[in-house]
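Trainee: Could you walk me through one part of this structure up close? I'd like to see how a single piece sits among everything around it.

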Amino acid sequence: QQQKQATGASNSNGLPSCVDRHDILGGKFKPVMTELSPDALSYLFRDVTVGGTYTPDSCVPKEKTAIIIPFRDRSSHLNILLLNLLPMLKRQKVDFTVFVIDQQLPSIFNRGLLFNVGFLEASKLGPYDCFIFHDVDLVPINDLNFYHCNDGPTHFISGVNKFNYSLLYRDMFGGIVSFKKKQFLEINGASNMYFGWGGEDDDLRVRVVRRGLKIVRKYADIGLYDMIKHGRENSNGKNPVRGGLLKLAGKRQDSEGLSTIRYKVQGVDLLPLYTRVTVTVNMTE
Ligand code: UD2
Ligand code: MN
C-alpha cells in the first residue's frame, strides 16, 4: 500500500485513480430514444445527487467536469439525452454536474452567449476544471467516446446520423466541445453576438485557432451521435448577419466575449438531475 501511494497509483483512501477502461466498456450501443418523465428519470438515477452531480466511488477522478447544455423549450430532448448520457458518464467514471442554461423569451436564442453564462455560473458553484458544452439533442452512441478535457479544446463528434455518420465539413466545431478552464479563459470564451441559428460554432473555432491551441478530434468510429429529429424554432431563425460577423471573428476576440458578457440570472434551481440556470438577455444592450 505504501509503495503504491509513492508511485501515485492510489490516493490516501487507497482508491486507484480513474482511468479510461477501453478494455471493459462496450463500445457502440443502441440509444433508447423514448422519453421518460422527470420523476421516472430521477428515480432511475437516484445515485445522482441534487443539482445533477455524480462522483464515482470506486476510483479517484482526475478532473471535475461541468456539462453545460444551452437550452430553450426542448424538455423532451433533455429527457432523452439524460436517459442515455448519464449512464454512459457513470460507466466512464466521470465526476460531473449537469447544468442546463435556459434562455427566457423574448430574446432570440444565443448559443454562444449561453456557453459563457454556463462557464461563469458553474464556476461560482464549484471548482470545475473541465467544461463540456453539449447540445441537448445529440445522443452519444459509443461508450469509448470519453467525456474528458484534453491538451487542446476537443470536438466530440466524428459523425451524426443526420449526415450518415459523417460531418458536413471537416473543420466543424459545433454540437459538443470541451475546454479546460484555462483554455476557455485563454480564448476569451465564445462570442455573445450571434443571435439566432449559425456561425457561433465557427467563430469559436476561429478563437481557438488564433490562440494557437490545437483542436483534438475523435476517431471516425468513436465520436458517433444520433441527433433527435427537430425543426427550427421561430426564436432561433437563421442569423442573417452570421457571415459578416464571422469575417471579423478574429478582430473581435479580445474586445468581446467572456470578458464583456451581459446577462441576468433569474434563478438557479437545484433539480434532481441538473442545475437549471434561468437567464434573460437584453438584445439591445
Ligand atoms: C447545428 C450545430 C449546433 C449549432 C447550430 C447553429 C452540430 C452537430 N450542431 O445544429 O451545435 O452550432 O447548428 O446554431 O454541429 N437550442 C434549444 N432551443 C432552441 C434552439 C436551440 O435548446 O429553441 C439549443 C439546443 O441545445 C440545440 C442547440 O441549441 O441542440 C443547437 O440548435 P439546433 O439543434 O436547432 O441547431 P442544429 O441542429 O442545426
Ligand atoms: Mn440540433
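Mentor: Let's take one strand, S2, and work outwards from there to its neighbours and the ligand. Keep in mind that this is a predicted model.

Start with the strand itself. S2 covers residues 64–71. Seven of its eight residues are buried, so S2 is largely enclosed by the rest of the structure. Who sits alongside? S2 pairs with S3 in the parallel sense, over eight bridges. If you want a spot to look at, find Ile68, which stands opposite Phe99 in S3.

Now pick out Ile67. Together with Tyr147, Ile67 has the most contacts inside the largest nonpolar core, a set of 33 residues. If we leave aside its neighbours within four places in sequence, Ile67 touches a whole crowd: Leu85, Leu89, Phe96, Thr97, Val98, Phe99, Ile132, His134 and Tyr147. Yes, Tyr147 is on that list of contacts too.

Which elements build this core? Those giving two or more residues are S2, helix H3 (75–91), strand S3 (95–103), strand S4 (130–134) and strand S10 (224–227). H3 provides the largest share, eight residues. Apart from this core lies another one, of 30 residues, and Ala66 and Ile68 are among its members, as are Ile215 and Ile261. Put that next to what we just saw: Ile67 belongs to the largest core, while Ala66 and Ile68 belong to the other.

Slide along S2 to Pro70 and you meet the ligand. Ligand 1 is surrounded by 20 residues, and the closest are Pro70, Asp135, Gly175, Trp197 and Glu200. A backbone N or O atom of Pro70 lies 2.7 Å from an oxygen atom of ligand 1. Gly198 also brings in a backbone N or O atom, at 3.1 Å from a ligand oxygen. With His230 it's the side chain: an N or O atom there is 3.2 Å from an oxygen atom of ligand 1. Taken alone, ligand 1 exposes 730 Å², and the protein buries 95% of that.

One last stop is S10, which we met as a contributor to the largest core. S10 also belongs to an open sheet of three strands, in the order S5-S10-S7, with mixed pairing. The edge strands there are S5 (138–140) and S7 (159–160), each pairing on one side only. S7 and S10 run in the parallel sense over two bridges, and you can spot Gly159 standing opposite Leu224 in S10.

Notes. Residues are numbered from 1 along each chain as its sequence is written. Chains are lettered from A and ligands numbered from 1 in the order in which they are written. This is a predicted model: local features need pLDDT of at least 70, side-chain atom pairs count only at pLDDT 80 or more; totals for chains, interfaces and linings use all residues. Side-chain values use heavy atoms; hydrogens and water are left out. A nonpolar core is a set of buried Ala, Val, Leu, Ile, Met, Phe, Trp, Tyr and Cys residues joined through side-chain atoms within 4.5 Å. Buried means under 20% relative accessible area, exposed over 50%, partly exposed in between (1.4 Å probe, protein chains only). Helices (H or I, at least four residues) and strands (E, at least two) are DSSP runs, numbered from the N terminus. Contact means heavy atoms within 4.5 Å. A residue is near a molecule or strand if one of its heavy atoms lies within 4 Å of it. A polar contact is a pair of N or O atoms within 3.5 Å; within protein, one must be able to donate a hydrogen and the other to accept it, and residues adjacent in sequence count only if both atoms are side-chain atoms. Accessible areas come from the Shrake-Rupley method with a 1.4 Å probe; for residues, only the protein chains shown count as cover. Two strands pair if DSSP finds at least two bridges between them.
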